[in-house]
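Let's take a walk through this structure together, starting with a charge and a ring and ending at a strand.

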Amino acid sequence: MKMTPSVYTKKRDELLKILRSVADSPELDTEIKDVFERSIRKLQTESFEIVLVGNILAGKSSTFNAICDGRNISPMRSGINTYACKISAQNIVDPNEEEHAVIRWKTDDELILTMLGILQRQMTDDEFQRISVRDNDGHFVNISLSNPLDVRRINECLAKEWEVYKRYPANYDPDMTGKLVLLYESSLLMHFYDDPLIVDLRKDAFATTFEELFNYMKFPVDWARRWTQNSPQAFQSKEIIFTFISDVHCYIHSPTLQRLGCIITETPELFDKPWDAEVAHEVMLNADAILYLLPGMNSIGMRELDALKYIQRTDQFHKVFFAINARNSYEFLKNQIRHADASVINHCLGQDTITPEDISIFNSFLAYNAKRHPYLNDEHDLKEWRKEIKRNLAIFLDLDWDVADYAAQLEEYIANPEAILKASKYDELLDVIEMMVVQKKACSLLYANGVLPINTALEELEGKLQKREDDAAHVREGLAKFRAPIVQFIDGVRPYFTEETE
């Protein structure tokens, strides 16, 4: 049996009615009432998080911004480290509530964790083993930014790393895995961590408007060129605030997020750097589902397979569903690449569960730009928008440059953003996400974290009452009355989750 959105809504309302009818009953002790209240709260809030996972250039930022209805929340410019913090967005239910974002800043321990890869390369094994020790709360035990000697040692390591880069710049990060950006970022962290502006900002998390958020998240003009002297002194503290951000949670009026009924989160790349990997692991562990974005140009590579193996080892693979964010033609990806990807994933992970049809194909750049078109007012931005749309449409739809009406085809799309959105296959991806959300949300909220713990709690209470047979007969009768609709509900929804729970 298939759980559809309408069936889920009906079953959710039915369960809420049952739980509310008995939650205040005097026969229930405080512990059982707490179980009921937790289930009621989860059903009412329907908190469900989907995390976007993928390697560099997988299109996480453009996908995130497209799902946020064209908001330019996550920075997208090429060559910029946009994956160094966690970014989330959820729909605001109250139409009168203003949109806003909450910023949390990196702690000193998180700053050290950010730089740990460089420290490891420049310290002896014994020294690194000593400084990398952390307590149960994740705090570094033997290194601190409040210790001048430790600060000096970190700066020495950075200086040595710069010397390595200067000797062979072209060979320092040939695969563009983010190693050079980490060197930039770490240098900025150590140069500005005690700057008055940065110190004041990092005192506490705070809410901000989206206009202000853009100032915190944007990257400096001429980012790469200004590093030619290999010095953070080329920047001002107000330009590099983004390096100190740990996570951003956005509250927006979003028809898409309202439809999906979920929180969307963009996560750093797995295995890129210690900080990014730890954030990505924590986000995936707490998420309800993982949308893994596969390469949109060629077949899946070893970095993606390593990440999927890691997800499998940490018992998170049941949360994963796949999409290819296209950087090639749709037909090529559909007929060749996704077949190869499904085969390689199954072989690598030792299973036979992923079919080519399980892998959606869409173009996040086209979808994002179709969504953001209403926000474009500047003539220069519109001109650049048209140029990029034409280039991406030509590639994704595999339009023939030699056909006489080639230009006319493009102009028809340019004049109709809805046609661009449809051509991007974005709506097909949303359909997949919606059905996945419904299936997993229903299994989690209605079944695994809904009626099952309640039924278990009632069974345990019945067991306790059996020991007090004489004075508990009437209470047991009441519990049997309460359990009857719960058991009936379980029998009604169990067929939907047979495959899910197995």
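Start at Tyr172: Lys179 lies over the face of its ring, 4.5 Å from the ring centre. Keep in mind as you look around that this is a predicted model. Tyr172 also belongs to a cluster in which ring pairs link it with Trp162, Tyr165, Tyr184, Trp223, Trp227, Phe235 and Phe242. A similar theme turns up at Tyr330, where the charged end of Lys425 sits over the ring, 4.7 Å from its centre.

Aromatic contacts deserve a further look, as the structure holds 16 aromatic pairs. In one of them, the ring centres of Trp105 and Tyr216 are 6.1 Å apart and the planes meet at 80°, so this pair is edge-to-face. It brings together distant parts of the chain: Trp105 is in strand β3 and Tyr216 in helix α11, 111 residues apart. Both Trp105 and Tyr216 are buried. Tyr216 has another partner in Phe206, with centres 5.8 Å apart and planes at 80°, so that pair is edge-to-face as well. Phe206 comes from strand β4, 10 residues from Tyr216. How exposed is Phe206? Its relative accessible area is 23%, so Phe206 counts as partly exposed, while Tyr216, at 16%, is buried.

Now turn to strand β1, residues 49–53, where five of five residues are buried. In a regular strand, side chains alternate between the two faces of the sheet. Here both faces are covered, with Glu49, Val51 and Val53 buried on one side and Ile50 and Leu52 on the other. Strand β1 runs parallel to β6, joined by four bridges, and Leu52 stands opposite Glu266 there. Four bridges also pair β1 with β7 in the parallel sense, where Ile50 has Ala289 as its bridge partner.

Technical notes
Residues are numbered from 1 along each chain as its sequence is written. This is a predicted model: local features need pLDDT of at least 70, side-chain atom pairs count only at pLDDT 80 or more; totals for chains, interfaces and linings use all residues. Side-chain values use heavy atoms; hydrogens and water are left out. Buried means under 20% relative accessible area, exposed over 50%, partly exposed in between (1.4 Å probe, protein chains only). Helices (H or I, at least four residues) and strands (E, at least two) are DSSP runs, numbered from the N terminus. Two strands pair if DSSP finds at least two bridges between them. Rings of Phe, Tyr and Trp (its six-membered ring) pair if their centres lie within 6.5 Å; planes under 30 degrees apart count as stacked, over 60 as edge-to-face and the rest as tilted. A charge sits over a ring if NZ of Lys or CZ of Arg is within 6 Å of the ring centre and within 35 degrees of the ring normal.
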